[in-house]
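This briefing covers two topics: a nonpolar surface patch and the salt bridges. The structure comes first, then the points by topic.

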Amino acid sequence: MHYNYGRFLLILVTLSISNFVYSQAADIDIKADTLAVDSEKPRFTINGAFRVHYKDEFYNETRKKEGGEFGFDLFGLVVNASHKKFKIMADMRFMPASSGGIMLKEGWVGYDFQNGDDIQVGLVQSPFGNLEYNSYSWFLGIGYALGFEGKYAMGAKYHHKGNTWDWQLAFMKNAMETFTNDPALRQNQWSASVLGDNKEINELAGQIVYKIKTNNFLHKIGVSGQFGQLYNFVEDRMGSRNAFAFHYNMDYKNLGIKAEVYKYEFNPKGKSSEYVDMGSFGYTYQVVSKGDVYALSAKYSIPFKGKSLNEIAFYSEYGYLGKKYNLKASEMLTNGVLIRVLDGIYTYVEYVAGYNHPFLGSNQASLYNDYDNKWHARLQCNIGYYF
């Protein structure tokens, strides 16, 4: 089926990390709010993607001897439906069992108001930081692993879409709920969330963005905040969490820049207050409970008018996590190129390096304590057909 009422918004993500397959399974973000909803006739579209992935982890001696690995990444389906001012969106991902298997990435029921604003209820994206992501890469940045980038949770969100001011306000009841406290089941979700003995509940999140359009420039300057609770169901005690961010997004012709600075605090109740267990895609790791994050991404795109080659884009991204408790920082650097052909086949080739990073090394607690203290890198290539 052809998608006639919107455009692809492709965001890219990762497949595997050190001893496990960590797949952020790049987004097929075909948003339902781009549909022509003010119609007497119901509308229905299906889009999706199929992707394969190659990776060579230079820190993995076994994989180095094999010359890397090449395998299945993801098959995804995105369904959009609308009737009059009501709309429905569901984004389902089918991945290997080692990556969490089948899961819903995003899904909600929405309503468009006369002035262009809308409301969404269900599994919605948290309005925090640069949206959809602060990244241009397939691997995404360090903020994703911390639960502040590409974050989806169960709740309701109101979005005002003005020409100059854009703001969103959301109440998130909890993360992607599996109606169980079993850690082995709770970690099978798309977004990185607090796991272990604690769970995220009752979060109020919002952001406001000021847009400046001058000639060929588009600037978006914004602030975001979120405040919520952490319930420890083992001890039956309530903790808290909060985060505050400044973010900037600039587009000028073929150049794009994204930047974020934010501070966060998790205040869990339980055996330790210095870290929380977080995870997604069937994997759990430790994250320092208090930190400051600095992230910068840039992209330069070269369009082509040929029938086969459509675009080549170069991008570079850097992320820094400054940890409290006198712990050493974690860092991440990504350099890559996107090659788009036939307006539907996207190939990402990336060199990703990390310092004290659990997805680029061998220790699951690197975002909390410092263990290896070495830079580790990997080369990866993701090829996807988006339809």
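A residue is called buried when its relative accessible area is under 20%, exposed when that area is over 50%, and partly exposed in between. By that definition Arg340 and Glu311 are both buried. The model is predicted. A search of the whole structure finds 16 salt bridges, and eight named residues make up a nonpolar surface patch of about 740 Å².

**Salt bridge Arg340–Glu311**

- Arg340 and Glu311 form a salt bridge in which the closest N and O atoms are 3.0 Å apart.
- Arg340 belongs to strand 19 (residues 330–341) and Glu311 to strand 18 (residues 309–323), so this pair ties together parts that are 29 residues apart in sequence.
- Neither partner counts as exposed, since Arg340 and Glu311 are both buried, and buried means under 20% relative accessible area.

**Salt bridge Asp118–Lys87 and its network**

- The side chains of Asp118 and Lys87 meet in a salt bridge, with an N to O distance of 3.0 Å.
- Asp118 lies in strand 7 (residues 118–125) and Lys87 in strand 5 (residues 86–94), so the pair ties together parts that are 31 residues apart in sequence.
- Asp118 has a relative accessible area of 1% and is therefore buried.
- Lys87 also counts as buried, because its relative accessibility is 1%.
- Lys87, Asp112, Asp118 and Lys161 are joined into one network by salt bridges that share partners.

**Salt bridge Glu106–Lys105**

- Glu106 and Lys105 meet through their side chains in a salt bridge, at 3.8 Å from N to O.
- Both of these residues, Glu106 and Lys105, are buried.

**Nonpolar surface patch**

- The patch of about 740 Å² is made by Trp165, Trp167, Leu169, Phe171, Leu204, Ile208, Tyr210 and Ile221.
- Strand 9 (165–174) and strand 11 (198–214) each supply at least two residues of the patch.
- The strand that gives the most is strand 9, with four residues.
- Ile208, one of the patch residues, has its place in strand 11.
- Ile208 has a relative accessible area of 34%, so this residue is partly exposed; that value suits the patch cut-off, which asks for over 30%.

Technical notes
Residues numbered from 1 in each chain as written. Predicted model: local features only at pLDDT ≥ 70, side-chain atom pairs only at ≥ 80, totals over all residues. Heavy atoms only, no water. Patch = residues over 30% accessible without salt bridge, like charges linked within 9 Å, V, L, I, M, F, W, Y side chains within 5 Å. Areas by Shrake-Rupley, 256 points an atom, 1.4 Å probe, with all protein chains shown as cover. Salt bridge = Lys/Arg side-chain N within 4 Å of Asp/Glu carboxyl O. Buried < 20%, exposed > 50% of the residue type's maximum accessible area, 1.4 Å probe, protein only.
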